[in-house]
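Got your viewer open? Load the model, switch to cartoon view, and let's walk through it one selection at a time.

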Amino acid sequence: MSVVLLWFPIIEAIINQHFKLGSQLTIAMDRTQWKENNVLMVSVIYQKRAWPIYWCLLGKDGSSNLEEQQKVLRPVIRLLKKYKLVIIGDREFHSVELAH
């Protein structure tokens, strides 16, 4: 089972229905602890809601690092390359390297 193979075509179709190609999308990065799972997630914001696009389970407790952040962000940027992206995140995502 692959998020990219199964979920990406579905979320791409949903996004294409609600957004014009070339329009601006707001993408949120966040990490949350859900029970014993530490989840790093990237979502698109639409009408005050976050639609999950891509995620990974971190094999550790606590904050994510640059490598993990890039790992979840790269496939999303490739998927949504036909849109203008504004990527937001809280203080966990503060590195200059990630901005590049």
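Start by selecting S43, which sits in strand β2. A quick note before you zoom in: what you're looking at is a predicted model. Is S43 buried or exposed? Its relative accessibility is 7%, and the cut-off for buried is under 20%, so S43 counts as buried. Now show what surrounds this serine. Leaving out residues up to four places away in sequence, S43 touches T26, I27, A28, A50, W51, P52 and I53. One of those neighbours, A28, has S43 as its bridge partner in β2.

**The sheet**

Next, colour the strands. In what order do the four strands of the open sheet lie? Reading across, you get β3-β2-β1-β4, with mixed pairing. Select β3 and β4 (84-89) and you have the edge strands, each pairing on one side only. Tilt the view a bit: on average, neighbouring strands are turned by 25 degrees against each other, ignoring direction.

As background, strands of a sheet pair through backbone hydrogen bonds, either parallel or antiparallel. Here, select β1 and β2 together: they pair in the antiparallel sense over eight bridges. Follow the chain from β1 into β2 and you'll go around a hairpin with two residues between the strands. Click on K35 in that turn, which has a positive phi of about 55 degrees.

Now move on to β2 and β3. Nine bridges join these two strands, and they run antiparallel. To see one pairing up close, pick V39 and then L57, its bridge partner in β3. β2 and β3 also form a hairpin with two residues between them, and Q47 in the turn has a positive phi of about 50 degrees.

**The helices on the sheet**

Bring α1 into view. It lies across β1, β2 and β3, running at about 165 degrees to β3. Then add α2, which packs on the sheet and touches β1, β2, β3 and β4. The direction of α2 makes about 135 degrees with that of β3.

**The core**

In soluble globular proteins, nonpolar side chains tend to be buried together. To find that here, select I15, L25, I27, I53 and L80. These are the residues with the most contacts inside the largest nonpolar core, which has 23 residues. Which elements each supply at least two residues of this core? They are α1 (3-18), β1 (24-34), β2 (37-46), β3 (49-58) and α2 (66-79). β3 gives the most, with five residues.

Stay on L25 for a moment and show its contacts. Not counting residues up to four places away in sequence, L25 touches I15, F19, V44, L80, Y83, K84, L85 and V86.

**Charged pairs**

Last stop. Side chains of opposite charge can pair when their charged atoms come close. How many salt bridges does a search of the whole structure find? It finds two.

For one of them, select E92 and R31: their closest N and O atoms are 3.1 Å apart. E92 lies in the loop between β4 and α3 (96-99), while R31 is in strand β1, so this pair ties together parts that are 61 residues apart in sequence. E92 is buried, with a relative accessible area of 15%.

Then jump to E68 and K60, whose side chains meet in a salt bridge at 3.3 Å, N to O. At 17% relative accessibility, E68 counts as buried, whereas K60 is partly exposed, with a relative accessible area of 31%.

Definitions and conventions: Residues numbered from 1 in each chain as written. Predicted model: local features only at pLDDT ≥ 70, side-chain atom pairs only at ≥ 80, totals over all residues. Heavy atoms only, no water. Core = buried A, V, L, I, M, F, W, Y, C linked by side-chain atoms within 4.5 Å. Buried < 20%, exposed > 50% of the residue type's maximum accessible area, 1.4 Å probe, protein only. Contact = heavy atoms within 4.5 Å. Pairing = 2+ DSSP bridges. Axes fitted to C-alpha atoms, helices over the stretch in contact; angles between N-to-C directions. Salt bridge = Lys/Arg side-chain N within 4 Å of Asp/Glu carboxyl O.
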